[in-house]
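Q: Got a minute to go through this one with me? Let's start with the empty space inside.

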Amino acid sequence: MSDEWYTPQWVFEELNVTFDVDVCAPVGGTGIVPAPKHYSIDDDGLVQDWAGFVWMNPPYSKPTPWIDKFVAHNNGIALVPFSKSKWFVNLWNNDNVSMIALPPNLKFVRPDGSSKQIFMQCVLVGVGEKALSALQQCSINKVR
């Protein structure tokens with residue numbers, strides 16, 4: 001199964017922010033994420049130095065190192081699945097993390113331009129003041 005599931009445009013419209021870098025972009029970017037810089041699998045975004053306000057939709061096949069780096073970076077928004085995993089419990093219990101549940105019928109954009117749901121509900125996770133402000137001003141759902 002592929003990790004190539006892109007965030008739909010309406011999420012960024014709701015957030016109404018510009019990111020400095022998309023740290024988990026496909027090669028060439030998506031044209032959807034409002035960020036002037038992106039790291040793809042070719043760049044290995046996990047080993048890059050992250051600077052500024054980051055967007056992250058990590059590979060769901062192995063999210064833990066991405067989540068750990070995201071929380072340590074402390075400045076950005078990520079889209080992750082609800083999960084019965086240690087990394088999700090750590091996010092949930094972290095007082096510096098804000099979350100918004102996304103609609104259960106969220107459809108991701110596929111590389112061929114089609115859209116498709118995944119079987120898990122997803123959440124937006126924010127760390128840092130800019131992220132909290134963006135989550136609070138959007139109308140997607142209540143901030144936790």
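Q: How much space lies in the largest cavity?
A: About 40 Å³. Keep in mind that this is a predicted model.

Q: How many cavities of 30 Å³ or more does the count come to?
A: Just 1 cavity by that rule.

Q: And what lines the largest cavity?
A: The lining is made up of P103, P104, N105, L106, F108, Q117, I118, M120, Q121 and C122. By type, 7 are nonpolar and 3 polar, with no charged residues.

Q: OK, switching to the packing. Which residues touch the most other members in the largest nonpolar core?
A: L15, F19, W55, I77, L79 and L124, out of 25 residues in that core. At least two residues each come from α1 (9–15), β4, β8 and α4 (129–137).

Q: Which residues is L124 in contact with, leaving aside neighbours within four places in sequence?
A: The contacts include V11, L15, W55, I77 and L79, and also M99, I100, L102, L135 and I140.

Q: What's in the second, separate core?
A: That one has 20 residues, including V21, V23, A78 and V123.

Q: Now α2. Which residues are buried there?
A: W66, I67 and F70, in a helix that spans residues 64–73. They sit on the same side of α2, because they cover an arc of only 95° around the axis.

Q: What covers the buried residues of α2?
A: The cover includes β3 (54–56), β4 (76–81), α3 (86–93) and β8 (122–127).

Q: And what does N74 do just after α2?
A: N74 takes a positive phi, about 60°.

How values were computed: Residues are numbered from 1 along each chain as its sequence is written. This is a predicted model: local features need pLDDT of at least 70, side-chain atom pairs count only at pLDDT 80 or more; totals for chains, interfaces and linings use all residues. Side-chain values use heavy atoms; hydrogens and water are left out. Buried means under 20% relative accessible area, exposed over 50%, partly exposed in between (1.4 Å probe, protein chains only). Helices (H or I, at least four residues) and strands (E, at least two) are DSSP runs, numbered from the N terminus. The arc is that of the directions from the helix axis to the C-beta atoms. Contact means heavy atoms within 4.5 Å. On a 1 Å grid over the protein atoms alone, a cavity is a set of points where a 1.4 Å probe fits but cannot get out, and a pocket is an open set with protein on both sides within 12 Å along at least five of seven lines; lining residues have an atom within 4 Å of a point. Grid points are joined across faces, edges and corners, and a volume is the space filled by probe spheres set on the points. Ala, Val, Leu, Ile, Met, Phe, Trp, Tyr, Cys and Pro count as nonpolar, Asp, Glu, Lys and Arg as charged, and the others, Gly among them, as polar. A nonpolar core is a set of buried Ala, Val, Leu, Ile, Met, Phe, Trp, Tyr and Cys residues joined through side-chain atoms within 4.5 Å.
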